Amino acid sequence: MTYLKSFKNFGLALMLTLACVWAHAQDIKVVYHVNTGVETAAGILGNVRNHLSADPSAKIVVVTHGLGIDFLLDGAKDSKGREFSGVVSDLSGKGVQFRVCNNTLVSRNIDPSKVSMDAKIVPSGVAEVARLQAKEGYVYLKP
């Protein structure tokens, strides 16, 4: 009887473990690819905010290159004069990661110290998008 009880407990533990693994595997990972200027950044950040509202467990990475890095530079403002830093900090606090292309910084002669403290510099924006998709299973979104 003790053997059967142990077997039942093991079976229950295994089922719970598999359920947890399955639930974790269902977490959505999304890479937002941004290569457009500040005129589109407010809308893109709104999309990210809405995405998190609909799915707070989503893991979101915003990868920028070209003109797309501009909203992550110190003092960047939208057409109404509002700075992006507050929204970026808020989203970063909710787990959104921001990545900036070093190739863009070099080609545009932008000092890396001008990049928001909420962003990480990666060697190449397009290579980062590809890596996240191919190696980490991220879904691609181009807002």
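## Reading a predicted fold, helix first

Modeller: Let's jump straight into H5, where Gly125, Glu128, Val129 and Leu132 are buried. "Buried" is under 20% relative accessible area, "exposed" is over 50% and "partly exposed" is in between, with a 1.4 Å probe and protein chains only. Those four cover an arc of only 105° around the axis, so they sit on the same side of H5; the arc is that of the directions from the helix axis to the C-beta atoms. One thing before you ask: this is a predicted model, in which local features need pLDDT of at least 70 and side-chain atom pairs count only at pLDDT 80 or more, while totals for chains, interfaces and linings use all residues. Residues are numbered from 1 along each chain as its sequence is written, and side-chain values use heavy atoms, with hydrogens and water left out.

Biologist: Which residues does the face of H5 turned away from its buried side carry?

Modeller: First the general idea: an α-helix has 3.6 residues a turn, so residues three or four places apart point the same way. Here, the face turned away from the buried side carries the exposed residues Ala134 and Lys135.

Biologist: And what do the buried residues of H5 pack against?

Modeller: Strands, and five are listed: E1 (29-34), E2, E3 (97-101), E4 and E5. The names come from DSSP runs, numbered from the N terminus: helices are H or I with at least four residues, strands are E with at least two.

Biologist: How far does H5 reach from its first C-alpha to its last?

Modeller: You compare the span with an expected one, which is 1.5 Å times one less than the number of residues. H5 (residues 125-136) has 12 residues and reaches 15 Å, close to the expected 16 Å.

Biologist: Zooming out, what pattern does the protein chain follow along the sequence?

Modeller: Reading along, you get α-β-α-β-α-β-α-β-α-β, built from 5 helices and 5 strands. Of the 143 residues, 35% are buried. For contacts, think heavy atoms within 4.5 Å: among those with a separation of 6 or more, 70% come from residues 24 or more positions apart.

Biologist: Show me some of those contacts. What does His65 touch, not counting residues up to four places away in sequence?

Modeller: Quite a list: His33, Val34, Asn35, Cys101, Thr104, Gly125 and Val126. His65 lies in the loop between E2 and H3 and counts as buried at 15% relative accessibility. Now follow one of its partners, Thr104, which lies in helix H4 and is buried with a relative accessible area of 8%. Leaving aside neighbours within four places in sequence, Thr104 is in contact with His65, Gly66 and Ile69. Gly66 has its place in the loop between E2 and H3, is partly exposed at 25%, and touches Thr104 and Arg108 under that sequence filter.

Biologist: Arg108 has a charge to place. How many salt bridges does a search of the whole structure find?

Modeller: It finds 6, each being a side-chain nitrogen of Lys or Arg within 4 Å of a carboxyl oxygen of Asp or Glu. In one of them, Asp70 and Arg108 meet at 2.8 Å, N to O. Asp70 lies in the loop between E2 (59-64) and H3 (85-93), and Arg108 in the loop between H4 (102-107) and E4 (119-122), so the pair ties together parts 38 residues apart in sequence. Asp70 is buried at 16%, while Arg108 is partly exposed at 34%.

Biologist: Which residues do salt bridges that share partners join into one network?

Modeller: Start with Arg131 and Glu136, whose closest N and O atoms are 2.4 Å apart. Shared partners then join Arg99, Glu128, Arg131 and Glu136 into one network.

Biologist: Last one: which residues form a nonpolar patch on the surface?

Modeller: Patches take residues with over 30% relative accessible area and no salt bridge, joining like charges within 9 Å and nonpolar side chains (Val, Leu, Ile, Met, Phe, Trp, Tyr) within 5 Å. Here Ile28, Val139 and Leu141 form one, with about 220 Å² of accessible area together; areas come from the Shrake-Rupley method with a 1.4 Å probe, and for residues only the protein chains shown count as cover. Leu141 lies in strand E5 (residues 139-141) and is partly exposed at 33%.
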